[in-house]
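Hi,

Here's the structure I promised to pass on. Have a look at it first, and then read on for my notes.

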Amino acid sequence: MHKHHRALGLAAAPFGNPVADIAMSRPVQPVTLLRPHAARRAARFFAEKFPGRSLYAVKANPSPDLLKILWDEGVTHYDVASIGEVRLVHETLPEAVLCFMHPVKAEEAIAEAYFDHSVRTFSLDTLEELEKIVRATSKNGINATDLNLLVRLRVDNQHAKLSLGAKFGAAPEDVKALLFAARQAADAMGICFHVGSQAMSPSAYADAMARVRDAIVDAAITVDIVDVGGGFPSTYPGMEPPPLEAYFEVIHSSFEALPISYSAELWCEPGRALCAEYASLLVRVEKRRGDELYINDGAYGALFDAAHIGWRYPVRLVSPRRTKVRPMDFSFYGPTCDDLDRMAGPFQLPGDVANGDYIEIGMLGAYGCAMRTQFNGFGTERTEIVDDEPMATLYGGNMPQQNVVTL
Ligand SMILES: Cc1ncc(COP(=O)(O)O)c(C=O)c1O
């Protein structure tokens, strides 16, 4: 990994733009641009302003470098969803507290997590999963007495751009029995939910907290942890959410109003919001056909969401010429042989963008980078650290909102 850091006195890019400097080296493969300062800023924001504990949802970006950055900024708890993530985080951050928050786990994964990686926190949404956890963590016929069990409720995902509402979560009619049973098996018992990813309104959390309240009242049970999950948004073209403080206020006031003890803990599991700004991608245009640009990354690279659910990312031309040509809308084709490797956008770029030009695609730190494959022999090997601002931010940096970077 290279560092393009003006503060270190390394080759200063013309006009002080580290991304333009990298484009001048005319990379043949896409280059991943990392902005550790953006991840640090996001972690500090959650540490200072979220009125409880923040668990990083590792699936959003499992890069060990990022895990270490978050750890250094005080993120001590990690939401892991697979035994692969358990092993990775335990190896990278041996002192981190791991919470296995996938409601459907392999019994072997639960046992390994509990006995080999000291995982004590598990989520569940059925009695079968509860039995699985109890079985997998018992030894010589004696049940574990140190489990933290969080029952996941099914909640409305209507405010989310990416629903997670159909697959997981106990239905209202099953919650009472599940809470009773989990209470018997747990040292600490909690309730969790997920409002869906990129929740565009704080009221998503207020609505879900109303479901938590109903569940607690109905079961008349002591709850030690309320975990509001992920779903905190980042900012993308056409998806500009309210400030995160508005989400935190709603969560705080609805948590305060729950019938729970003073010692009950409030948790959240942000993925996207902590790492979206951490990475972007520098791609090259290999061909132009009208308003279609053939670029060297795509659906099987970091642009899965752009291809499959029409997610729009910010883009800018990184060009050695000053262009006065008006912007226009483009779609992208990725490099593989497959027609599905198409990102409809629209992505707005100067009208004279041409074969050989470089484009930065922003806000790919969450999910984008994590979902890359090497399909068809295409991929990304070069990674550079840059210290300029991400193309958009929710954390009050100095955003360069221009669409064109000139050398
Ligand atoms: C259980 C759980 N927690 C947290 C997250 C992170 O969600 P987000 O990236 O929307 O914050 C996810 C995402 O799928 C999840 O499944």
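Below is what turned up, starting with the strands and moving on to the aromatic rings.

Keep in mind that this is a predicted model. The strands β3-β4-β5-β6-β7-β9-β11-β12 make a closed barrel of eight, with parallel pairing. From one strand to the next, the twist averages 25°. If you want one piece of the barrel to zoom in on, try β6 (residues 121-124) and β7 (residues 148-152): they run parallel and are joined by four bridges. Ser123 has Leu150 in β7 as its bridge partner.

Now the rings. There are 18 aromatic pairs in the structure. One of them is Tyr205 with Phe232: the ring centres are 5.0 Å apart and the planes are at 15°, under the 30 degrees cut-off, so this pair counts as stacked. It links distant parts of the chain, with the two positions 27 residues apart: Tyr205 belongs to helix α8 (residues 203-219), while Phe232 is in the loop between β11 (225-227) and α9 (244-256). Tyr205 is buried, at a relative accessible area of 0%, and Phe232 counts as buried too, at 1% relative accessibility.

That pair is also part of a cluster: ring pairs link Tyr205 and Phe232 with Phe45, Phe46, Phe50, Tyr247, Phe248 and Tyr395.

Two lysines are worth a click as well. Lys105 has its charged end over the ring of Phe100, 5.9 Å from the ring centre. For Lys287, the charged end sits over the ring of Tyr294, 4.6 Å from its centre.

Cheers

Notes: Residues are numbered from 1 along each chain as its sequence is written. This is a predicted model: local features need pLDDT of at least 70, side-chain atom pairs count only at pLDDT 80 or more; totals for chains, interfaces and linings use all residues. Side-chain values use heavy atoms; hydrogens and water are left out. Two strands pair if DSSP finds at least two bridges between them. Axes are lines fitted to C-alpha atoms, for helices over the stretch in contact, and angles run from 0 to 180 degrees between N-to-C directions. Rings of Phe, Tyr and Trp (its six-membered ring) pair if their centres lie within 6.5 Å; planes under 30 degrees apart count as stacked, over 60 as edge-to-face and the rest as tilted. Buried means under 20% relative accessible area, exposed over 50%, partly exposed in between (1.4 Å probe, protein chains only). A charge sits over a ring if NZ of Lys or CZ of Arg is within 6 Å of the ring centre and within 35 degrees of the ring normal.
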